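Work through the exercises below with the model open beside you, and try each task before reading its solution.

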Amino acid sequence: MNDPYLDELKNEFKEYSSELKTLRNKLLKSNSPEEQSKIILKIDNIAKEMEKNQRQSIKVTKSRLKEMKNKSKK
């Protein structure tokens, strides 16, 4: 299914994933508890954004499929 909005959501998800990898590496290299705590908070925030992104993607996909089904009935 070609949909610009879904493509945009996929790209955002990829960006979140790469950012998580970077933060994970920083977390593993960090020795400071304060810095680790800040990184963990960032990771949590990104994870929440990824969940929102996935929910939105599912909603849009279902909506597009429903539209396609309705069009094919007509």
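**Exercise 1: The buried side of the first helix**

In this predicted model, the buried residues of α1 are Leu6, Leu9, Tyr16 and Leu23. Determine how long α1 is, and which element is included in what covers its buried residues.

*Solution.* Begin with the length: α1 contains 26 residues, and the distance from its first C-alpha to its last is 38 Å, which is close to the 38 Å expected at 1.5 Å a residue. Then turn to the surroundings of the buried residues, where α2 is included in what covers them.

**Exercise 2: The nonpolar core**

Identify the residues that make up the largest nonpolar core, and state which element contributes the largest share.

*Solution.* The largest nonpolar core has 5 residues in all, namely Tyr16, Leu23, Ile39, Ile46 and Met50. Assigning them to elements shows that α1 (4-29) and α2 (33-73) are the ones that give two or more residues to this core, and that α2 supplies the largest share with 3 residues. As a further step, take Met50 and look for its contacts, leaving aside residues up to four places away in sequence: Met50 touches Phe13, Tyr16, Ser17 and Leu20.

**Exercise 3: Two salt bridges**

The structure holds 2 salt bridges. Find the partners in each, and decide for each residue whether it is buried or partly exposed.

*Solution.* In one of the pairs, Asp3 bridges to Arg64, with 2.6 Å between the closest N and O atoms. This pair links distant parts of the chain, since Asp3 lies in the segment before α1 and Arg64 in helix α2, 61 residues apart. With a relative accessible area of 9%, Asp3 is buried, because buried means under 20%, whereas Arg64, at 24%, is partly exposed.

The other pair is Glu49 with Lys52, whose closest N and O atoms are 3.5 Å apart. Both residues belong to helix α2 and stand 3 residues apart, so about one helical turn separates them. An α-helix has 3.6 residues a turn, so residues three or four places apart point the same way. Glu49 is partly exposed at 33% relative accessibility, and Lys52 is likewise partly exposed, at 45%.

**Exercise 4: The start of the first helix**

Which backbone nitrogen does a side-chain oxygen of Asp3 reach at the start of α1?

*Solution.* Follow the side chain of Asp3 to the start of α1, where one of its oxygens comes to within 3.0 Å of the backbone nitrogen of Tyr5. Asp3 should then be recalled from the previous exercise, where it also forms the salt bridge with Arg64.

Terms used: Residues numbered from 1 in each chain as written. Predicted model: local features only at pLDDT ≥ 70, side-chain atom pairs only at ≥ 80, totals over all residues. Heavy atoms only, no water. Core = buried A, V, L, I, M, F, W, Y, C linked by side-chain atoms within 4.5 Å. Buried < 20%, exposed > 50% of the residue type's maximum accessible area, 1.4 Å probe, protein only. Helix = DSSP H or I, 4+ residues; strand = E, 2+ residues; numbered from the N terminus. Contact = heavy atoms within 4.5 Å. Salt bridge = Lys/Arg side-chain N within 4 Å of Asp/Glu carboxyl O. Expected span 1.5 Å × (residues − 1). Polar contact = N/O pair within 3.5 Å; in protein donor to acceptor, adjacent residues only side chain to side chain.
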